[in-house]
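I opened this model to look up two things, one helix and the surroundings of the ligand, and I kept the entries short.

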Amino acid sequence: MNFIDLAAQQRRISEKLNANIAGVLAHGQYINGPEVRDLEGTLAAYVGVKHAVGCASGTDALLMALMALEIGPGDAVFTTPFTFVAPAEVISLLGATPVFVDTDPATFNIDPAKLTLAIHAVKANDRSLHPLPLTPHASPLRPRAVIPVDLFGLPADYDAICAVAARSGLAVIEDAAQSFGGEYKGRKACSFGAITCTSFFPAKPLGCYGDGGMCFTDDDRLAEVLRSIRVHGQGSDKYENIRIGINGRLDTLQAAILLAKFAIFPEEIDLRQEVARRYNELLAGSVTTPEIPEGCKSAWAQYSILVRDSAERSDLMAKLKEAGIPTAIYYPKPLHRQTAFSGLGYKEGDFPVSEDCARRIFSLPMYPYLAAGDQRRIAALFQ
Ligand SMILES: *Cc1c(COP(=O)(O)O)cnc(C)c1O
């Protein structure tokens, strides 16, 4: 059994995949070919947003979003410590400061009440209100933006987050790397905040065969700035540079592959709901299964469960491995405990919910074509 099985999907769409790839080889526009614009239009319509800007990875999408909002030294950007490194990494890369905010234990997403506290603490420069990072700057940080992450495919609580952000003048950047295809109160993931970022890394719900990503925005000006940043800060002419940018383009070949995959993507999202529902039923009572708030739909990038403690987790993972069932821990070490962020001066105990989840969580195989029989075999090992 695989943790994520891409072969079954490939068999279903191989004809269209081959035709799309052959199409790119025939026209030869490997950079910014017509498939890139086609994909941008298709995915913008799917999520219900005006503009989509394809880029080289989910990490570049986040970097470009922060650059478009002119985030830099002295700026505070609020985000979660219980996720993949990319959001906190790009904040630091631009010289801004990540201010971590603990998560909600039921959804694993950023806790809006704690976000309010963290903003107050930064504004008052008072670490007795909320744990704050050390900074090399003499003056207090300027609260500028928040990057909520839709962890494991479940959109964060955008009603609450956007209300808090609006009160404090913060821009919201949705990290939808794991949630493309998810929904929140009738709206698709990738449609919240000033700019949304997603990833087409192969293991994400909509993945390509390499690296890829996309920014979404309803704002005409931000879309234009993102398109410029994507190509070295290009102006109206190729050799006119009007701002500092990056080489952040999405390959035409990857766009062609994504177009083939997207044809069956909505159906795959439905299949993922069934797989998750079966797990929930089979595992009820044995472990803490994921909780999806009313009105939300997860894209089920991961199916993650909580067990009693790290000893039980080690035992269960060993037992599953013995039976040929792969598992993974997302994420074993919260970002505030990573060496890369040690300069921020955070300590164990600063974000107790994230730390507790990191000790007790692990993920089971999850993909649209996971067979019910395999799920029953997995669940039997929890008895
Ligand atoms: C995968 C991921 C990213 C980065 O995407 P890449 O395409 O791998 O650069 C960013 N944020 C989260 C939450 C992710 O899971």
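The entries below take the helix before the ligand.

I note that this is a predicted model, in which local features need pLDDT of at least 70, side-chain atom pairs count only at pLDDT 80 or more, and totals for chains, interfaces and linings use all residues. Residues are numbered from 1 along each chain as its sequence is written, and side-chain values use heavy atoms, with hydrogens and water left out.

Entry on H10. I looked up helix H10, residues 310-322 (helices are DSSP runs of H or I with at least four residues, strands E runs with at least two, numbered from the N terminus). At 1.5 Å times one less than its number of residues, its 13 residues should span 18 Å, and the end C-alpha atoms are 18 Å apart, which agrees.

I found Arg313, Leu316, Met317 and Leu320 of H10 buried (under 20% relative accessible area, with exposed over 50%, 1.4 Å probe, protein chains only). Seen down the axis, these buried residues fall within an arc of 100° (from the directions to the C-beta atoms), so they line one face of H10. Asp315 and Glu322, on the other side of H10, are exposed. The cover over the buried residues includes helix H11 (352-360), strand E12 (361-364) and helix H12 (372-380), by contact of heavy atoms within 4.5 Å.

Entry on the ligand. Of the 14 residues around the ligand, I list Thr59, Asp175, Gln178, Ser199 and Lys204 as coming nearest (a heavy atom within 4 Å). A ligand oxygen lies 2.5 Å from a side-chain N or O atom of Thr59, and for Gln178 the corresponding distance is 2.7 Å.

Definitions and conventions
Polar contact = N/O pair within 3.5 Å; in protein donor to acceptor, adjacent residues only side chain to side chain.
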